[in-house]
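Good morning, and thank you for making time for this presentation. I would ask you to keep the sequence and the structure in view while I speak.

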Amino acid sequence: MNAHRLRPVVVALTAVALAAVLTGCQGDDSAAGAAGASSAGATAGSATPGTAGGTGKGSGTGEGSGEGTSSGKGATAAATPAGKGTGPAKTATPAAGCVTKAPDPDHYDPDEFALYRVEELPGSTGKVNLVIQHGAWGCSGGDSDGKPFVVSGEDSRWAMDQAAYVTATNPITDSSTNQRIGVGELMDWVKAHPDSGLVFKYEVAADGSIDRLEQVYTP
């Protein structure tokens with residue numbers, strides 16, 4: 001009789017105890033969950049500032065690069081005058097048609113030469129030898145009225161007919177215009193003034209000897 005009465009009480013107590021245990025377990029799980037969430041939130045919060053800080057550092061690096069670029073521009077601007085200063089120096093260009101040094105055969109004036117000496121040949125030949133140097137007209141100098149005739153530096157010999165047509169100016173004659181003279185008169189003057197280097201225009205006959213000689217007046 002008493003045993004039957006105690007069963008409901010024991011069952012009720014057991015139910016209450018079980019409920020308490022379940023409630024405690026749920027409370028622990030909730031606390032653990034809250035703690036986990038808090039920890040995760042803290043981690044996420046820590047990660048977020050870190051990321052923001054990383055971005056900030058990235059911006060800082062960008063500013064650093066910007067400053068570096070600015071410095072680079074400054075260096076370039078400073079280097080520009082030096083670059084201009086180190087460029088190739090400009091040189092004066094000779095006037096067209098004049099030479100600044102002894103010319104080679106490809107640049108000789110084709111119908112002019114400088115006369116230096118005269119050599120007699122046997123009368124039977126009807127010729128005399130002119131000792132000449134080929135050349136070309138140089139550029140006018142600042143202290144000269146005319147252009148110099150720049151010679152090759154090598155003597156050549158060219159036969160001239162003793163009956164050739166010859167004209168001469170100063171200093172062979174007293175005139176600044178060409179005057180007709182004989183071959184003998186030319187030979188006498190050249191022998192008395194060797195290596196004068198007076199410039200003459202010339203023409204040749206069919207046999208290749210000079211048959212016309214005209215002095216070029218050079219003031």
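Let me begin with a term: helices, of at least four residues, and strands, of at least two, are DSSP runs numbered from the N terminus. With that numbering, T169 is found in the loop between β5 and β6, the latter being residues 179-181. I shall return to T169 after an overview.

Please bear in mind that this is a predicted model. The average pLDDT of the protein is 72, and 54% of the residues score at least 70. One stretch calls for caution: over residues 30-95 the pLDDT stays under 50, and for that stretch the model has 4 contacts beyond four places in sequence.

As to the overall architecture, the protein has 2 helices and 8 strands. Along the sequence, these elements follow the pattern α-β-β-β-β-β-β-α-β-β. Of the 219 residues in the protein, 22% are buried. The accessible surface comes to about 14100 Å², and carbon and sulfur atoms account for 58% of that surface. If we consider contacts with a separation of 6 or more, 57% of them involve residues 24 or more positions apart.

I turn now to the links between distant parts of the chain. How many disulfides does the count give? The count comes to 1 disulfide. The partners are C98 and C139, with their sulfur atoms 2.0 Å apart. The angle about the S-S bond is 75°, and the link of C98 and C139 is right-handed. C98 lies in the loop between α1 (2-85) and β1, whereas C139 lies in the loop between β3 (135-137) and β4 (149-151), so the pair ties together parts that are 41 residues apart in sequence. In general terms, a disulfide is a covalent bond between the sulfur atoms of two cysteines.

Are these two cysteines buried or exposed, or something in between? C98 has a relative accessibility of 12% and therefore counts as buried. C139, at 24%, counts as partly exposed. The cut-off that matters here is that buried means under 20% relative accessible area.

The next topic is the aromatic side chains. The count gives 4 aromatic pairs. In one pair, that of F113 and W158, the ring centres are 6.4 Å apart and the planes stand at 40°, so the pair is tilted. F113 belongs to strand β1 (residues 112-120) and W158 to strand β5 (residues 156-168); the pair therefore ties together parts that are 45 residues apart in sequence. F113 is buried, at 0% relative accessibility, while W158 is partly exposed, at 22%. Together with Y202, F113 and W158 form one aromatic cluster.

Finally, I come back to the loop between β5 and β6, where T169 is found. T169 has a relative accessibility of 0% and so counts as buried. Which residues does T169 contact, leaving aside its neighbours within four places in sequence? They are S175, S176, T177, N178, Q215 and Y217.

S175 has its place in the loop between β5 and β6 as well. With neighbours within four places in sequence again left aside, S175 is in contact with T169 and N170. In addition, the side chains of S175 and Q179 are joined by a polar contact of 3.4 Å.

That concludes my presentation, and I welcome your comments.

How values were computed. Residues are numbered from 1 along each chain as its sequence is written. This is a predicted model: local features need pLDDT of at least 70, side-chain atom pairs count only at pLDDT 80 or more; totals for chains, interfaces and linings use all residues. Side-chain values use heavy atoms; hydrogens and water are left out. Rings of Phe, Tyr and Trp (its six-membered ring) pair if their centres lie within 6.5 Å; planes under 30 degrees apart count as stacked, over 60 as edge-to-face and the rest as tilted. Buried means under 20% relative accessible area, exposed over 50%, partly exposed in between (1.4 Å probe, protein chains only). Contact means heavy atoms within 4.5 Å. Accessible areas come from the Shrake-Rupley method with a 1.4 Å probe; for residues, only the protein chains shown count as cover. pLDDT is the predictor's confidence in each residue, from 0 to 100. A disulfide is a pair of cysteine sulfur atoms within 2.5 Å. A polar contact is a pair of N or O atoms within 3.5 Å; within protein, one must be able to donate a hydrogen and the other to accept it, and residues adjacent in sequence count only if both atoms are side-chain atoms.
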